[in-house]
Amino acid sequence: MSRPPCFVANWKMNMGLKASESHLSDLIKHCADVVLAPSKIIIAPPFTALQTVSNILNTAACEIDLAAQNVHFSPKGAYTGEISTEMLCEIGCKYVIIGHSERRILFSENDEEIHKKLVAVRKAGLFPILCIGETQQDRQAGKTWQRLQGQLNSVFSEEFIASGLCDTVSDWMIAYEPVWAIGTGETPEPADVAEVHQQIQALIADTVGKGVPRILYGGSVSEENIVDFMKTPDIDGVLVGGASLSPKTFFEIIAQGASAK
Ligand code: PEP
C-alpha cells in the first residue's frame, strides 16, 4: 500500500504558547525551504497550545495536521479538568492520541476506558492514533504478542465493528510503542518491529476487514535511527516524543525518514 509515511510529534507536557509558536515557525520554515519526499506530519501539543498551534497551521506554507494528546469519552458534563471531542473538533483537531503508555501507567487508564475513548473519537469524526505496547516484563516473559493482541482485541469489540465506526480504519494510526523503549534510548531491531507490525495488520484485517491503518513505531526515535526504521517494510511512520521537541531534529527525522521510504 503506498501511502506517504507519517511523522507524529508528541510534545507531551512541554511547550507553552511562546515556545509552541517559535517551534512551529521554525519547523514550517524548514519544511517550506526544501522539497520533502511525500510525508504526512502531525503535531500533538499540550491542550493549552492547541488553539495557537491550530491558528498557525491554518495559514502554514506546508500541510501539518493537529492532534490532541488525550480526550474524555463523555460528550460533556461534570468532569472537572477533562476535554471533550466536541471541544477538540471546534479547535481544529483531526487526530487524538489514545492509550499512550504514560496514560495507561501513570493515570491508570484501562482497556475499557480506551475503548470508550475510541468510540467517542470516531463518533465525533476524529481519527485515533491508538498506542499499544508491551512492558519489559511482558517482553522478558515472551508475552509481547499476547499483550498487544489483548490491547487490540479489547478495543475492536464485535459491537464496535458492527456499529460501522471502524469502517474508516484505514485512516487511523496504530502506534506500536514498546514501553521499555519510550524515553530510554533503547530500541528494538527494526526487523522485530516489522514482524510485530505484520501481526497487527493481520489481526485488524481479520477482525475489522475494512483495510489496515498505518502502523507507526514509537520509542526513542532519533536522527541516528530513523533511516533504519523507515527503510524497513511495514513501518509506516513514527511517533516521536523527546526528539520532536527540537524543530531542527524533528525536521531531520521527517526529511531523512521520508526519503528512506
Ligand atoms: C512517546 O512518548 O510516544 C515516545 C515515543 O517518546 P520518545 O520518543 O521520547 O521515546
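Here are two short exercises on a predicted model, each with a worked solution. Local features need pLDDT of at least 70 and side-chain atom pairs count only at pLDDT 80 or more, while totals for chains, interfaces and linings use all residues. Residues are numbered from 1 along each chain as its sequence is written, and side-chain values use heavy atoms, with hydrogens and water left out.

**Exercise 1.** Work out which strands pair with β6 and where A175 sits.

*Solution.*
- Start with strand β6, residues 173-176 (strands are DSSP runs of E, at least two residues, and helices are runs of H or I, at least four, numbered from the N terminus).
- M173 and A175 point one way, I174 and Y176 the other way, and all are buried (under 20% relative accessible area, 1.4 Å probe, protein chains only).
- Now look for pairing, which takes at least two DSSP bridges between two strands. Strand β5 (residues 127-132) runs parallel to β6, joined by four bridges, and β7 (residues 214-218) also pairs with β6 in the parallel sense over four bridges.
- Zoom in on A175: C131 has A175 as its bridge partner, and L216 in β7 stands opposite A175.

**Exercise 2.** How do helices α1 and α2 lie relative to each other?

*Solution.*
- Take α1 (residues 17-33) and α2 (residues 50-58): their axes, lines fitted to C-alpha atoms over the stretch in contact, come within 9 Å and cross at roughly 25 degrees, on a scale from 0 to 180 degrees between N-to-C directions.
- Angles under 35 degrees count as roughly parallel, so α1 and α2 are roughly parallel to each other.
- Finally, check who touches whom (heavy atoms within 4.5 Å): L17, S20, E21, L24 and I28 in α1 meet T52, V53, I56 and L57 in α2.

Technical notes:
Buried means under 20% relative accessible area, exposed over 50%, partly exposed in between (1.4 Å probe, protein chains only). Angles under 35 degrees count as roughly parallel, over 145 as roughly antiparallel, 65 to 115 as roughly perpendicular and the rest as oblique.
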